[in-house]
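Subject: A structure for you to look at

Hello,

Here is the structure I promised to pass on. Please open it next to this email, and then read on for what turned up in it.

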Amino acid sequence: MLGVTTSESISDLLDRLCKIVPDYPQPGISFKDLTPVFADPVGLRRMVDELIAPFEGQFDIVAGLEARGFVLAAAAAYASGKGMLTIRKAGKLPREVYRDEYTLEYGTSCLEVHKDEVAPGTRVLILDDVLATGGTVGSAVRLIEQTGALIAGVGVVLELDGLNGRDQLTGHEVLSLQLVHS
């Protein structure tokens, strides 16, 4: 175990445990890899606790976005005694779904959620690893709203500065554990 101290700020913890991968996924990009934080038991617990604490008592279920958001949402659901809602890429869910198409830098993508997975009025906390342009998380918000459920908040570990992702989430409480300057 990598000896995480409780007096260490969450930002310092992320800086210490994350690995920076240069030129990934393309030249000129420095990717901040969260998998070492997921692998560290104290780091994972601390990250999840920091994500859910501000929303304590305000959510009934945790939604995770494919794929790294699943790790966060499953851990958060377990830690809070709540269930987990999976928001998947198109074609991955077997029953009737709501779907939302969103724009990427070079094209479009689509997210889906089962229509019968969450009841109207349910308070949903959405978790993901990174908030960049807000396309993916914004799509998740629209999907949850299609179900009639309520957005309790959005939590992300990393928020990429200068990409205006929060603009896609206007009207919703957004928590990011660390702002990453590009």
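A word on terms before we begin: a residue counts as buried when its relative accessible area is under 20%, as exposed when that area is over 50%, and as partly exposed in between. Please also keep in mind that this is a predicted model.

Lysine 32 is a good place to start. With a relative accessible area of 15%, lysine 32 falls under the 20% cut-off and is therefore buried. Its side chain meets that of aspartate 15 in a salt bridge, at 2.9 Å from N to O. Aspartate 15 belongs to helix α1 and lysine 32 to strand β2 (residues 30-33), so this pair ties together parts that lie 17 residues apart in sequence. The partner, aspartate 15, is partly exposed, at a relative accessible area of 46%.

Lysine 32 also has a neighbour in strand β1 (residues 19-22), where isoleucine 20 lies. Isoleucine 20 and lysine 32 are 12 residues apart in sequence, while their C-alpha atoms are 4.7 Å apart in space. Leaving aside residues up to four places away in sequence, isoleucine 20 touches Ser30, Phe31 and Lys32. Is isoleucine 20 buried or exposed? It is exposed, since its relative accessible area of 52% is over 50%.

Next, have a look at the helices. The axes of helix α1 (residues 10-17) and helix α3 (residues 41-52) come within 11 Å and cross at roughly 140 degrees. That angle makes α1 oblique to α3. The crossing in which α1 passes α3 is left-handed. Which residues make the contact? From α1 they are Ile10, Leu13, Leu14 and Leu17, and from α3 they are Gly43, Arg46, Met47 and Glu50. Sorted by class, the contact of α1 with α3 has 5 nonpolar, 1 polar and 2 charged residues.

Arginine 46 and glutamate 50 from that contact are also linked to each other: their side chains meet in a salt bridge, at 3.1 Å from N to O. Both lie in helix α3, 4 residues apart, which is about one turn of the helix. Arginine 46 counts as buried, at 18% relative accessibility, whereas glutamate 50 counts as partly exposed, at 29%.

How many salt bridges does the structure hold? There are 12, and the two pairs described so far are among them. Another joins arginine 99 to glutamate 112, with the closest N and O atoms 2.8 Å apart. Arginine 99 sits in strand β5 (residues 97-104) and glutamate 112 in strand β6 (residues 107-114), so the pair ties together parts that are 13 residues apart in sequence. Glutamate 112 is buried, with a relative accessible area of 4%, while arginine 99 counts as partly exposed, at 48% relative accessibility. There is also a network of salt bridges, which links Arg95, Asp116 and Glu117.

Finally, some notes on the backbone. Most residues other than glycine have a negative phi, and most peptide bonds are trans. With that in mind, here are four places to look at on your screen:

- Tyrosine 24 and proline 25 are joined by a cis peptide bond, with omega about 5 degrees. Proline 25 is in the loop between β1 and β2.
- Aspartate 23 lies in the loop between β1 and β2. Its phi is near 60 degrees, a positive value in a residue other than glycine. At 49% relative accessibility, aspartate 23 counts as partly exposed.
- Glutamate 66 and alanine 67 are joined by a cis peptide bond, with omega about 5 degrees. The place of alanine 67 is in the loop between β3 (61-65) and α4 (68-80).
- Asparagine 164 is not a glycine, yet it has a positive phi of about 60 degrees. You will find asparagine 164 in the loop between β8 (150-160) and β9 (174-180).

If you would like a route through the model, you could begin with the salt bridge of aspartate 15 and lysine 32, go on to the crossing of α1 and α3, and end with the cis peptide bond between tyrosine 24 and proline 25.

Happy viewing, and best wishes

How values were computed:
Residues are numbered from 1 along each chain as its sequence is written. This is a predicted model: local features need pLDDT of at least 70, side-chain atom pairs count only at pLDDT 80 or more; totals for chains, interfaces and linings use all residues. Side-chain values use heavy atoms; hydrogens and water are left out. Axes are lines fitted to C-alpha atoms, for helices over the stretch in contact, and angles run from 0 to 180 degrees between N-to-C directions. Helices (H or I, at least four residues) and strands (E, at least two) are DSSP runs, numbered from the N terminus. Angles under 35 degrees count as roughly parallel, over 145 as roughly antiparallel, 65 to 115 as roughly perpendicular and the rest as oblique. A crossing is left-handed if the near helix is turned anticlockwise from the far one by less than a right angle, and right-handed if clockwise. Contact means heavy atoms within 4.5 Å. Ala, Val, Leu, Ile, Met, Phe, Trp, Tyr, Cys and Pro count as nonpolar, Asp, Glu, Lys and Arg as charged, and the others, Gly among them, as polar. A salt bridge is a side-chain nitrogen of Lys or Arg within 4 Å of a carboxyl oxygen of Asp or Glu. Buried means under 20% relative accessible area, exposed over 50%, partly exposed in between (1.4 Å probe, protein chains only).
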